[in-house]
Amino acid sequence: MIIFSVWGAVPLSTALLFTFSLVSAVPIAAQAEWPQLTDSTFSSSLSRGLWFVEFFSPQCSHCKKFAPTWEALVVAKTKQWGPYGFFMAQVNCLAQGDLCDANGVEAYPTLKLFRDGVEVKKFSGKRSFENVSDFIDANTREILLQKDAVTRLALGEVPNPTGEVLVLDPESLDAHKSKGIPMFVKFYAPWCSHCKHLAPKWIELAEAVKGILLIAEFNCEANKAACKKEGVPGFPQLVLLVFQGGEKTEYRGKRELASMQDWATNAVSASGVSDVGLREVEALLGRQPVFFLYMHTLMSNREEVEEVQRTAQVLLGTPPFYKTRDPDVYNLLGVDPNRGPALVAVKDHEPRAVATFSLSVPYERESTVAWLQSQKLATLAELNTHNFDEVMRNPSKPIVVLGAFDGSTSQDQAVLLQISREWRDRDTKVFNRPVVFVWMDKTKWTKWLKSMYGIKVTSGAAVVISDHSVLRYYDRDATGQKISLNQQSIFSALDGIDRGTVSSKHSENLAERTIRVSGFRSFVSCS
C-alpha cells in the first residue's frame, strides 16, 4: 500500500487546487494511492467533493483481509468517478483515536461516504468488491443527479423601490454601471418627437416594474460626449445595461408598455441557471437550436457556480444556459470530464458539443463572456431585424457568409447549413476573425439586397461574403466566378479572402440606411 502524505501541511486553497489537479491532470488509471487523513487534515480535505473513507486499525484482522479489496476499489472507482469529484481515503484509528471517536466509529473497518465534509451514508453488509462497488456507484450517481434549487443572484439592494424614472448624468451612470445592478436606460434628446411620444410610457414602465428593475433616462443633448462614448447612434435608444462592467443589450421591440415590460423582466429573470440531466438535455436537443451547458462536478463549490452563473447573465436568457454534472450528459455530448469544468455550446439539434470552452484557474470572466457571445448564433441563422446588429456589428467583427433565398423553400437553406457545418468543423478563421453563416429571405428584403450587394430577386439563390465592419463585400470566389451555393465555391472564396487574392466591393452607406429605416433602427437622429 502506498501512503499519500502530502496533504498534511497544505493550506485549504492549495489543497483544493491540488485535489482538482489529481482529477484533471493525472491519468487516474495509474493511481493506486490514497491519502491517510489525520485530525489536522480530515476536515480540510473532505470539505470539497465526495469522499469514501475507511476507518481502520492496522492490528485488525478484518482490515488486513479487506486491504487488497480496498486497493482494487481505489484503482477502479477513482478511475470511474474521480473526474466527477470522487475520492477515497483512510483514517488509521490506532493513531487517530479521537478522530475516529468523533466520527462514531465503533468497529473496524468502518466505511463512510462524505460530501463536502458531511457524512452522507455508512456502508453495511459483506465487504466484497462487488458490494462496496455497487454502494459507491449507486450513491455517487444519486448525488451527481441531484438537482440544486435554482438560485437567484442577490442584487444587494432592491431596484427601483419607488417606481420612478431615475434621471442619470455621466457620473451617476458610471456609478450605477459599476454596481452591477441591471437597469433599463432610455438615451434620448428633448427635441426628438419619438422620444416625446415614448416619455409617458417610460414613466408607466417604471411603475410597472417597481421593485424589479431600475428604469432610467439619460439626456444626450445635455451630455453629448457621454452618449458618443456609449455608442448611441440615434434617439431614442433603449438599452438594458447589466451586471459588472455595464454590458448592454439594445431593445428592438415595439415601444409599447407591455412589450417593453415583458422583454426587460424576462431578461432580468434569466439570472437563474437550472440543473438538467439526460432527459432534459434530450428534450432541449429537440426544441432549442442553440443552448449552453456548464459542465461541472462535485468539486465545483457554490462560489464557482455563482461566478459562472453571473457571467451567463450577459446572455439575457438567449440562448438558454443550464448546468449539469450528469455523467450520461457528458457521454452523450462527447465531453471528457477529465479535462475539468467547461462550457459547451450545443447547436442545430445535434447531440454533441459543437464548441467547448475550458474554465481556467483563476477564472477569467472577460474571455468567458467573449466566448459566450461568439457562440450565441446557430450554425446557420436567419438574418432579420432582431439579430442584425448582433451579427453584423458583433464586437468580434465576423466575416459573414450570406445566402439570399426564397424564404418559402428550405432546400437552399439545407445546402448552406451543411456547408456551414463543414466550415465549422474545419475550425478556421478569416483574417483571424470568426466566420458566420446566415441567410435572408430575398422576397422580403429585395431592395436592400439589391442596393447593398447587387442581388436580384430573379437571380435564384445568391451568396455573398460581407465584411460589414468596413462596409465591403465579396461576390467572387478564387476562380473569379460568382460565388455559388456549393462548398467548393464558398470555401475557395473564404480562403482567397484570407490570402488577399479575392477583390472586394464597397457596400453603400445609403443602402445601409435604407434597411435601417425599413426595419432595422435608423441612424438618423430621431426614429
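Two strands count as paired if DSSP finds at least two bridges between them. Strands themselves (E, at least two residues) and helices (H or I, at least four) are DSSP runs, numbered from the N terminus. Keep in mind that this is a predicted model, where local features need pLDDT of at least 70, side-chain atom pairs count only at pLDDT 80 or more, and totals for chains, interfaces and linings use all residues. Residues are numbered from 1 along each chain as its sequence is written, and side-chain values use heavy atoms, with hydrogens and water left out.

Let's begin with a sheet. Six strands make an open sheet with mixed pairing, in the order E17-E19-E18-E20-E21-E22. At its edges you'll find E17 (380-382) and E22 (505-506), each pairing on one side only. Strand E17 runs parallel to E19 (residues 435-441), and three bridges join the two. If you look for Ala-381, you'll see Val-438 of E19 opposite.

Now add the helices. Helix H15 (residues 411-426) lies across E17, E18 (399-405) and E19, at about 175° to E19. Angles like this run from 0 to 180 degrees between N-to-C directions, using axes fitted to C-alpha atoms, for helices over the stretch in contact. Helix H17 (residues 487-499) packs on the sheet too, touching E18, E19, E20 (462-467) and E21 (472-474), and its direction makes about 20° with that of E20. Contact here means heavy atoms within 4.5 Å.

These two helices also share a salt bridge, meaning a side-chain nitrogen of Lys or Arg within 4 Å of a carboxyl oxygen of Asp or Glu. Asp-495 and Arg-426 form it, with their closest N and O atoms 3.3 Å apart. Asp-495 belongs to H17 and Arg-426 to H15, so this pair links parts of the chain 69 residues apart. How buried or exposed are they? Asp-495 has a relative accessible area of 23%, and Arg-426 has 35%, so both are partly exposed. For reference, buried means under 20% relative accessible area, exposed means over 50%, and partly exposed is in between (1.4 Å probe, protein chains only).

Helix H15 has another link to offer. The side chains of Arg-421 and Glu-350 meet in a salt bridge of 3.9 Å, N to O. Arg-421 is in H15, while Glu-350 is in the loop between E15 (342-347) and E16 (355-358), 71 residues apart. Both Arg-421 and Glu-350 are buried.

What about the strands on either side of that loop? E15 and E16 pair in the antiparallel sense over four bridges, and Ala-345 stands opposite Ala-355 in E16. Along E16 the side chains take turns: Ala-355 and Phe-357 point to one face and are buried, whereas Thr-356 and Ser-358 point to the other and are not.

Elsewhere, there is another open sheet, with four strands in the order E4-E3-E5-E6 and mixed pairing. E4 (86-92) and E6 (118-122) each have a single partner strand, so one side of each has no neighbour in the sheet. From one strand to the next, the twist averages 30°. E3 (residues 50-56) and E4 run parallel, joined by seven bridges, and Phe-56 stands opposite Asn-92 in E4. Helix H3 (residues 61-81) lies across E3, E4 and E5 (110-115), at about 155° to E4.
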